Amino acid sequence: MIGSTPREVGRGSKWLWAVALYEQARAVVLRPRPWGRIPLVAMITLLATAPVCLLLREVPARGTRRRQVVALHRRALRTTRRLTPWGRLPWLAMGALLATAPICLFLAQDRLGSRVLGRGEDEVALMVDHWQQTAAVAVIVLAVGRMWRLAPVLGALCLSSLSGLLIAAEIALVYWIVYGGLAGVGMPGLFWHFDATTRGWAAFGVTLFTGWMVYLLFTRDHEIHRHEPEHQIWPRFATAARASGLPIPRSMRGTPDGGPAGMLGRSNAAGRLSWFMAVFGVPATLALAIPALIPVARPLVPESVVDEPWLIGIAAGAATLGALATIRPATRLHELWHALKRWARREDPAWWTVWRLDRDRLDAHANMRNLFLVLSAVFLIPYWVAGPDVLRSRFPAAFSLCTALGLLATTVTWLGTRPLRWRVGIAAATAMLLSLVGSLDYEVRLDDLSDRYPGTLEQFARQLSVQGGMPASYTGIVDLQGFERRTLDFADGASAPAAALRDASHRERWLENWRRSFATASRPSPKPILVVVAVSGGALRAGVWAETVLGYLDAFLDDFSHHVRLITGASGGMLGAARFVVSQCDGHGLPGGPVGTRGALQGPPDYLSPIAWQIAFRDFLPNSLIPTALYNRGNALEEAWGRVDRGLDTTFEQLRDAEEQGLVPSIVFSPITTEDGRRLLIGNLPLADLTYTPARSLLVEDAGRLADDYRRDNARTPDDYDLEYPELASVSAVEFFRMFPTDRKRLRLAAAVRMSATFPYVTSSVVLPTFPPRHVVDAGYYDNYGVNLAGAWVASHARWLAENAAGVLFIQVRAFPNEARLKKLDREVLAAPPSEPGATPSMWGRIEAVLDAVPRSVGLIFGGLQSLVLPVEGLAHVRDSSMYFRNDAQLNGLHDTFRRLRENDPEFFRSVVFTCDTTPRDSNAPNVETLNWYMDPVEFARIRRNMEDLSEDGLTGRSRNHLRFESLLDWWRRRGGGVHASDHVRL
């Protein structure tokens, strides 16, 4: 029956379709898994008990239970009868849409399969997708049409104060993120986490956050106008709530002439607060429930039609809000404090007042103060409670975000109700603390070099000192002026070019050691293939992809890791590169080998939750107001890496001997210093010749005459520092271990990865122990693909490589499939190809066009605002594309260089690009460099198999990578490289 077509069913009885739909709905509701029935029972229970609980507040406290039930029943009937058919119709339509949409998708899933969940690009999948969008837009339009009268009430509350504007902005931000606002920067699953428990916590947190903000709006208005109740928002709200069509009790009805007297006389303050939160909770809950019931509204490709953990989280949050509104714990806590004070004064404590609160007493000021104190305690407890990892595991990233925003709003709202002298005093204290924090030279330290930094008092003393220059108390700090004199104007009289030649010859000795390490009895003077690897940035995705590519090649190419001489890159890609290098030292297995390899990652690690917890509960407040260097989110990220792979605690000194002998690849990190835009080269390789550009082509001034001019104004003989180094065009980089030569044994790979992957706001920027201070940020600011530095290294050894290597292979590992944008001139390169001119649309195409009308209309409205974001969009694209264009030109230059050096060997130098493509759900969805330290397991599994050939179902593998891998194998064999069999690689 279910597999029959409409025509086949039409041959039977006319009611067979109804029977089929009934059986399908029955199978959905009564499916054997108990977990599947929990959301349905929870939703029905919540919808049934919430109005009853609210109406119970209106029943007199006296009388038997039977009389109370009868009164409740009569009140509910009167409430329902007041609704006109037109008033009930929109709510019935919304309920019908939200109820029937999942059922229809369940029924269609048997016929359409995964296309119902957005896993297809054919017309049927697009039709289902647009039908869901239309249903979601219809629900929103119906809700707005019935509740638009509440908008002026909410607007008046938000526009009446700074705290109201802040609350409105925070609510908009959170709901924007819930609906995938951060998908453009690679964080679509911040709230929609792949783990069901975390997703439930996120829904619970955003529901509590919404109720929390509504509570703050009402209590502030009540507190400000407590002596002028006629100016409170309640009269306007009650009138608008009745007009919205919601079932409102008689206590909220006005006088016959429409005046507010009845509203104010028949409702106590606690009841008003409860109804205020309940009425505004309806659209908020509706907005949160739409993505759970309509899959297309979720920012990630859904795994099921109905997201049950999300609905359970909403139900739990709503139930918690109802309990808090009923119990009023903050007010009881305030009353308990007064009872304790009376007891301390040996007066009658009147303990009964803690339990039997006056229902007309709201005590808004005490509520906000107690909330502020409780939340402050929650923030401060982790400083003294052992085991902060336990707390981090209980607070996912989304929950931490809601908590931090809630604390900020609570603080501002509480201050807004205080007298002017309080606000001025607290603002002055906050400004003073911020100025003290800003006066620190080294607010974020590099822990591996912590003993080099001066103390807090010493930094304050420097700010107050009238003398310039570096203080004598900064004993561990490197003076950059003195460093320049030692490196660019050498004490032994050697020029900078001479020092560059010295470093280049030193590296060639390392290359000779590497070449001789391949020697055997039959090949005493080998010429091995040299491999250089450049990995792109992109947080966790880039790290996993770098591990995957390097591990895959090592699993198939004979002694691949031995052939790799240099690895450079940016951001998260260097995390995978560092893990690969370390795996060659301790022998624990390749972390990114093919699926099934010993030591390979079995699932995506979550590095984001520790960062979010640290930001929400420490870095945001109170760390931002404490004038000293403290444990920060960057340290939390390092610790999270270490829990996955302790090999990242390896120091550069521990790698140096193996690098010098050519047994493990050399790895070079290149973060950027923000004050001057220079690269900070961190590695064991001496790279002095790559840190500056000589002035060979410049027409420079006469050095002798320039020195005479200097002596005219100064009493001493000038040096190159005073003459601004006329033999140099620019200094583009600085070597870390040339500034800190004795710290090679202390700096860990994890610290270098952290500096190379430091994107501000996500992770804190390290301040180097130099004077003036230098902040270190992500290497992707300069080159997000690592090609520039690796290409410069190859060019510096081009002649030696042409004579002593069998070939040079330059491997580019890119985490995102944006190659097409570099070659095509049309803008939307990821869009579906247009239909052929004159082609007749199919039946499904016509239906899809009709269903697409509403989403397309909404998209046109937002498209009108495109001019506002074009400058920012252009800046981001220019930055990204210019790196590609520059790198491609550099690699072509290297190819031409080796063609001149090896006239009869045009294939000596080859470059190959392996690009990760996990096929986005929407063909128009951008593939951007994420700032994200977690990923969905589905994306992780596809990344891990992206080097394989395309699978039969088309869900894993990538044919382009596999074909390029086959070309690499052919070139590798022709250059004399060996290939060994692997159980994990399919040829």
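Here are three short exercises, with solutions, on a predicted model.

**Exercise 1.** Work out the strand order of the open sheet and find which strands sit at its edges.

*Solution.*
- Start with the order: five strands line up as β4-β3-β2-β13-β14, and they pair in parallel.
- Next, look for strands that pair on one side only: these are β4 (666-667) and β14 (909-915), so they are the edge strands.
- Now zoom in on one edge: β3 (residues 564-569) joins β4 through two parallel bridges, and Ile567 stands opposite Ile667 in β4.

**Exercise 2.** Find which strands helix α23 and helix α38 lie against.

*Solution.*
- Take helix α23 (residues 539-556): it packs on the sheet and touches β2 (529-535), β3, β13 (807-814) and β14. Its direction makes about 145° with that of β13.
- Then take helix α38 (residues 959-974): it lies across β2, β13 and β14, at about 155° to β14.

**Exercise 3.** Pick the salt bridge between Asp503 and Arg738, and say what it ties together and whether each partner is buried or exposed.

*Solution.*
- Check the distance: the two side chains meet at 2.6 Å, N to O. That counts as a salt bridge because the cut-off is within 4 Å.
- Locate the partners: Asp503 is in helix α22 (residues 496-516) and Arg738 is in helix α30, so the pair ties together parts 235 residues apart in sequence.
- Judge exposure: Asp503 has a relative accessible area of 8%, so it is buried, while Arg738, at 32%, is partly exposed.
- For another case in helix α22, try Arg507: its salt bridge is with Asp689, at 2.8 Å, and both residues are buried.

Definitions and conventions:
Residues are numbered from 1 along each chain as its sequence is written. This is a predicted model: local features need pLDDT of at least 70, side-chain atom pairs count only at pLDDT 80 or more; totals for chains, interfaces and linings use all residues. Side-chain values use heavy atoms; hydrogens and water are left out. Helices (H or I, at least four residues) and strands (E, at least two) are DSSP runs, numbered from the N terminus. Contact means heavy atoms within 4.5 Å. Axes are lines fitted to C-alpha atoms, for helices over the stretch in contact, and angles run from 0 to 180 degrees between N-to-C directions. Buried means under 20% relative accessible area, exposed over 50%, partly exposed in between (1.4 Å probe, protein chains only).
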